[in-house]
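Student: I should like to work through a structural model with attention to its packing and its charged pairs. May we begin once it is displayed?

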Amino acid sequence: MKIKVDYTGQCILIPAGPVLDKLGDADGTKLRVLLLALANPTAEEEEMCDTLNITPKSLHNALSFWVDAGVIHLDATAPPVKKNAQKSSTKKDTAAAKKESAAGRVAVSRPRPVARAAQLPHYTSEEVASYVSAHAEVADLLVSCQQYMGKLFNIAEVEIVVGLLDYLHLDSNYILLLFSHCKKMEKKSLRYIEKLAIGLFDDGIMDYDELDAHLQAIEDASKLEKQLRRLFGAGRRSLTAKEKDTFGRWAGKWKMPYELIEKAYEITVENTGGASLPYCNAVLEKWYQSGYTTLEQVTNAITQYRHDRDGAQDKKGSFETDDFFEAALRRSYGDEGGKDA
């Protein structure tokens, strides 16, 4: 495929090397920020946020990304954005918002998009009805959202869906993914969805694929925590700081599947007589350092170890004195065993 570019008019110069090196890690927000920064390098923070409809936090994250990549450099002597800039523009923005009603958008009194509030703005019943009437696709979206929540929405709940569309500018597929996630997490409150959506917006997670990956990680961690609660007998009580840290490490950094943790738990009980969290963590740490990610790999490694060891006798499942675990257990379990055994 050959692409022809129309170079008439003003062009944007992009340093190809460092940009292409980081292109695979750059999301839509980072790319938009880069293009605007290259097209208008003297733009102030407020102007950039307004143009791209992003928060200052998202802007700073994107600029830091390109600074670290060596693509741009920030002028530390540039004057800061005036604190009263937002206040002076509020009346103008409100007036502009009212003019947008002719284009199908709802005219509501709300802060400018770059200064997102902790909650969505209030819409009257007439404004909600006007928005739904002007956007045919919203009716189908509301039906799907209500099916996910298993109930009919009242006007306040419909107002939240309208706010996600009109205020945060989220598309229907993005919103449906949020509702699907909340159904899986058994979160039936639309106020929860509202706070979740605003938090995601502030973190710059606006792309559908990014959202999918982010929510999947949350769901996987939640599922694993429930399994670990049952395994270690935590029940419904609050986890200790030590448990949260350890479970989080297994699910996050180490990405341990449940069957590996379950195997390590069995080894722990066999050798300590109880559900020792430090001992179990030491076994898993050894497997993580060895690059084992499946139960089959661990089983094969143990079998091969025993087969290769000269004069080895069948130890009938005892792992405590095996060289395979000894160093890790002495270092990790020995250091912590007195604290949390």
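**Packing and charged pairs**

Student: Which residues does Phe179 contact, leaving aside its neighbours within four places in sequence?

Tutor: The model is a predicted one. Contact here requires heavy atoms within 4.5 Å. With neighbours within four places in sequence set aside, the contacts of Phe179 are Cys145, Tyr148, Met149, Phe153, Val161, Leu190 and Ile193.

Student: Which residues have the most contacts inside the largest nonpolar core?

Tutor: That core has 35 residues. Phe179, described above, is one of those with the most contacts inside it. The full set is Phe153, Leu168, Leu178 and Phe179.

Student: Which helix gives the most residues to this core?

Tutor: The elements that give two or more residues are helix 6 (125-134), helix 7 (137-149), helix 8 (155-166), helix 9 (172-184), helix 10 (190-202) and helix 11 (208-231). The top contribution is seven residues, and it comes from helix 10.

Student: How many residues does the second core have?

Tutor: The second core is separate from the first. Leu228, Leu231, Leu239 and Trp250 are included in it. Its size is 23 residues.

Student: Why do the buried residues of helix 6 line one face?

Tutor: The buried residues of helix 6 are Glu127, Val128 and Tyr131. Seen down the axis of helix 6, these buried residues line one face because they fall within an arc of 100°.

Student: What covers the buried residues of helix 6, and which residues are exposed on its other side?

Tutor: The cover of the buried residues includes helix 7 and helix 8. On the other side of helix 6, the exposed residues are Glu126 and Ser133.

Student: Where does His169 lie, and is it buried, partly exposed or exposed?

Tutor: His169 has a positive phi of about 60° although it is not a glycine. It is found in the loop between helix 8 and helix 9. Its relative accessibility is 35%, so His169 counts as partly exposed.

Student: Is Glu186 buried or exposed?

Tutor: Glu186 also has a positive phi, of about 60°, and is not a glycine. It lies in the loop between helix 9 and helix 10. Exposed means over 50% relative accessible area. The value for Glu186 is 62%, so this residue is exposed.

Student: Of Glu157 and Lys151, which meet in a salt bridge, which counts as buried?

Tutor: The structure holds six salt bridges, and this pair is considered with its N to O distance of 2.7 Å. Lys151, at 32% relative accessibility, counts as partly exposed. At 12% relative accessibility, the buried partner is Glu157.

Student: How far apart are the closest N and O atoms of Arg237 and Glu243?

Tutor: Arg237 is partly exposed, with a relative accessible area of 37%. Glu243 counts as buried at 13% relative accessibility. The two form a salt bridge, and their closest N and O atoms are apart by 2.7 Å.

Student: What separates Arg249 and Asp245 along helix 12?

Tutor: These residues form a salt bridge in which the closest N and O atoms are 2.6 Å apart. Arg249 is partly exposed at 22% relative accessible area, and Asp245 is partly exposed at 44%. Because they are four residues apart in helix 12 (residues 241-251), the separation of Arg249 and Asp245 is about one helical turn.

How values were computed:
Residues numbered from 1 in each chain as written. Predicted model: local features only at pLDDT ≥ 70, side-chain atom pairs only at ≥ 80, totals over all residues. Heavy atoms only, no water. Core = buried A, V, L, I, M, F, W, Y, C linked by side-chain atoms within 4.5 Å. Buried < 20%, exposed > 50% of the residue type's maximum accessible area, 1.4 Å probe, protein only. Arc of directions from axis to C-beta. Salt bridge = Lys/Arg side-chain N within 4 Å of Asp/Glu carboxyl O.
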